[in-house]
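Dear colleague,

I am handing over the structure we talked about, and I would be glad if you could open it and follow along with the notes below.

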Amino acid sequence: MLRDKVALITGGGQGIGKEIAILFAQEGAKIAIFDLKEEAIKDTIREIEQKGGEGLGLRVNVANLKEVEEATGKVVDKFGKISILVNNAGITRDALLLRMREEDWDAVLDVNLKGVFNCTKAVAKIMFKQREGKIINISSIIGIRGNVGQANYAASKAGIIGFTKSIAREFASRNIQVNAIAPGFIQTEMTAKMPEASKQSIISQIPSGRLGEKTDVANLALFLASKNSDYINGEVIKVDGGMI
Ligand code: NAP
């Protein structure tokens, strides 16, 4: 489905981002990854290469525009273009608002929201010249319904939704589609930190009766990255087992 495409995936070293990277590679795309942990990046690239794919892993902090611009240049030097951007890198620093430190707020907004701005800005220049592109932003159902102890995370993920809808309008005439995925509770390293009792309480609120799998999100990302979704633009699609 993605033959001759080049996909840049942020936070592709582990979790949902890694799942998307490997699926896209299996579908024929060349993969670039921006992530923080050298070892995780190498592991993902190794896995892609073992399956016959081609990848480039770079240690990049998405919150730093200069780093993002330099690294984006390296991706174009190696692969000649960027067809798909998946803004997936994200962090949590949970606390009730009265206990939330200023640095918890800043860190989450810097990575989750400014990171999306930085990567989109850097990649848009390239996509504009190509006159085609797909941008997929990973938001969260928390950005739609909010959550106790996650005001910073919810604000960042709601911000991604407003950003997605605005950029979809701005880029549409250049044949670039911009959509967001709002996952519910997906089994990853991020949710592994949750206490078992909280996990069970969440499962009781999910009509599908289970947490999501990384593949549930990756399969939708693949559809949004493919030609099959060319007339879908500015959407926010939930992958939450019917939770909200
Ligand atoms: P994860 O397992 O923690 O993976 C996130 C990846 O992003 C990590 O490899 C992380 O590297 C990287 N990253 C963090 N900060 C970065 C930065 N400044 N620059 C570059 N890379 C950075 O998370 P996940 O569960 O797969 O989540 C992926 C995305 O889905 C996130 O945006 C998350 O908010 C969203 N989401 C997840 C769920 C869920 O249930 N898991 C639900 C809704 C939405 P380090 O490990 O070195 O920090």
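**Helices and the sheet**

Helix H4 (residues 102–130) lies across E1, strand E4 (84–87), strand E5 (133–138) and strand E6 (176–183), and its direction runs at about 175 degrees to that of E4. Please keep in mind as you look that this is a predicted model.

The sheet itself is an open one, formed by 7 strands that pair in parallel and follow the order E3-E2-E1-E4-E5-E6-E7. Strand E3 (55–59) and strand E7 (236–239) stand at the edges, and because each has a single partner strand, one side of each is left without a neighbour in the sheet. From one strand to the next, the twist averages 15 degrees.

At the E3 edge, the pairing with strand E2 (residues 30–35) is parallel and extends over 5 bridges, and Ile-31 has Gly-55 in E3 as its bridge partner. Helix H3 (residues 65–79) packs on the sheet, where it touches strand E1 (6–10), E2 and E3, and its direction makes about 165 degrees with that of E3.

Lastly, a helix to look at on its own is H1 (residues 15–26), whose 12 residues reach 17 Å from the first C-alpha to the last, close to the 16 Å expected at 1.5 Å a residue. Of these 12 residues, 9 are buried, so H1 is largely enclosed by the rest of the structure; among the buried ones are Ile-16, Ile-20, Leu-23 and Phe-24. After H1 comes Gly-28, which has a positive phi, near 105 degrees.

With best wishes

Note on methods: Residues numbered from 1 in each chain as written. Predicted model: local features only at pLDDT ≥ 70, side-chain atom pairs only at ≥ 80, totals over all residues. Heavy atoms only, no water. Pairing = 2+ DSSP bridges. Helix = DSSP H or I, 4+ residues; strand = E, 2+ residues; numbered from the N terminus. Axes fitted to C-alpha atoms, helices over the stretch in contact; angles between N-to-C directions. Contact = heavy atoms within 4.5 Å. Expected span 1.5 Å × (residues − 1). Buried < 20%, exposed > 50% of the residue type's maximum accessible area, 1.4 Å probe, protein only.
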